[in-house]
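Subject: The structure we talked about

Hi,

Here is the structure for you to look through. Open it up first, and then read my notes below with the model on your screen.

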Amino acid sequence: MNNSRVLMTAVGSYLPANIVSNEDLSSFVDTDDVWIRRRTGIAQRHIVAEDETTADLAQHAAKKALTNAGLSGGDIDLIVVATTTPDNTFPSTATKLQHAIGAKRAIAFDVQAVCAGFVYALDIAEAMIQSGRGRRALVVGAESFSKLLDWEDRSTCVLFGDGAGAVVLELAENYNDWGILSSVLHSDGAFRDILYVDGGPSSNSLVGHVRMEGKEVFRHAVEKLAAVMDEALAAAQMDATQIDWLVPHQANIRIIDAMQKKMGMASDRVVRTVEQHANTSAASIPLALAVAVDDGRIKNGDVVAMEAIGGGLVWGAALVRFGKPY
Ligand code: COA
């Protein structure tokens, strides 16, 4: 039997300095603070500066995670960056990050699963570590999602923000109930038309803007996230009472509250950052995790449940006992 576990030993995050409030948005698009708060729970979002890129955000978050783990770039064997907003079509944001942090021997590549990118990247990194490709990984969610927004479309532009979060994964032997306890992913391209960006390199047009059927996405989110969380719990042979914290993808407070109720969790056991960050796509889970670890809510050894859904559709959930037993 394999006694190896992939621990999540540290987290770091970064938000661009520029904050845009709902009031700010209502000065140039037909919306208002009351509507946005009531329908989404969002009050503000951080937006990248003109000369700031996804790789910059990733670099800040990764450096903090490494510092928190007591490691440097040279200790890292694998870098997986989840992003839908890479600086360039190529090279990958991960290779830019690799160079910036001096992770010379790391394998580095990007993963594109939009808002589910972090749970996808986590699953891939765990599998690569378990298959012997290295002992330590950086898994990063980083987005400049504001670059994909149509600022005249009030049904989408109010929902998103920019930021980055990173976690350090480390292989450990003989700590069976620590680290990544289970991970489940799903995809269904039949729903590609309800959430997508028009345009792109092989579509004979420049990268376009986010297009979304909000109500449809909402419906799928609640249904699919509840189901995949049940699968992740079953895979770990656990039940929801054993979860210390739910750290969900931060898309809409109503989706988060619906998940909390479906899982029967106490409200104060759910980490909510959507009010301050809005939906930062692949960055939202590690950003929320960093907030709750930094403010002392999530402690070493706590069981954290994560779930996310994004365009594709793609979705997944992971259960992690955070930190390290030694
Ligand atoms: N400000 C003010 N009014 C707005 C608005 C805005 N920013 N955006 C839409 N509206 C209006 C609509 O035009 C509509 O007006 P009408 O009734 O006169 O036609 C009304 O508000 C209701 O719009 P609707 O789209 O039905 O609202 P909703 O309750 O479904 O909420 C979302 C819209 C986008 C907040 C919601 O559907 C949602 O969160 N969906 C999931 C999105 C998501 O999570 N995406 C990312 C997944 S990773």
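At what angle do helix α3 and helix α4 pack? Bear in mind that this is a predicted model. The answer is about 50°, and the axes of α3 (residues 54-69) and α4 (residues 93-101) are 9 Å apart. The two helices are therefore oblique to each other, and their crossing is right-handed. On the α3 side, the contact is made by Thr 54, Ala 55, Ala 58, Gln 59, Ala 62, Lys 63 and Leu 66. From α4 come Thr 93, Lys 96, Leu 97, Ala 100 and Ile 101. Sorted by type, the residues of this contact are 7 nonpolar, 3 polar and 2 charged.

Now for the sheets. One is an open sheet of 5 strands, in the order β1-β7-β6-β4-β5, and its pairing is mixed. At the edges stand β1 (4-14) and β5 (107-111); each has a single partner strand, so one side of each has no neighbour in the sheet. Ignoring direction, neighbouring strands here are turned by 20° against each other on average.

Try finding β1 and β7 (residues 163-173) on your screen: they run antiparallel and are joined by 10 bridges. To pick out one of these, look for Ala 10, whose bridge partner in β7 is Val 168.

Two helices go with this sheet. Helix α5 (residues 117-130) lies across β1, β4 (78-82), β5, β6 (136-143) and β7, and runs at about 25° to β7. Helix α10 (residues 284-294) packs on the sheet too, touching β1, β6 and β7, with its direction at about 85° to that of β1.

You'll meet α10 again at another open sheet. That one has 4 strands in the order β8-β13-β12-β11, also with mixed pairing. Its edge strands, β8 and β11 (245-248), each pair on one side only, and the twist averages 10° from one strand to the next. β8 and β13 pair in the antiparallel sense over 8 bridges, and Gly 179 has Arg 321 of β13 as its bridge partner. Here α10 lies across β11 and β12 (303-310), running at about 150° to β12.

One last thing to look for: the structure holds 3 aromatic pairs. In one of them, Tyr 175 and Tyr 326 are tilted, with 5.8 Å centre to centre and 40° between the planes. Tyr 175 is in the loop between β7 and β8 (179-187) and Tyr 326 is in the segment after β13 (314-321), so the pair ties together parts that are 151 residues apart in sequence.

Cheers

How values were computed:
Residues numbered from 1 in each chain as written. Predicted model: local features only at pLDDT ≥ 70, side-chain atom pairs only at ≥ 80, totals over all residues. Heavy atoms only, no water. Axes fitted to C-alpha atoms, helices over the stretch in contact; angles between N-to-C directions. Parallel < 35°, antiparallel > 145°, perpendicular 65-115°, else oblique. Left-handed = near helix turned anticlockwise from the far one by under 90°. Contact = heavy atoms within 4.5 Å. Nonpolar A, V, L, I, M, F, W, Y, C, P; charged D, E, K, R; others polar. Pairing = 2+ DSSP bridges. Phe/Tyr/Trp six-rings, centres within 6.5 Å; stacked < 30°, edge-to-face > 60°.
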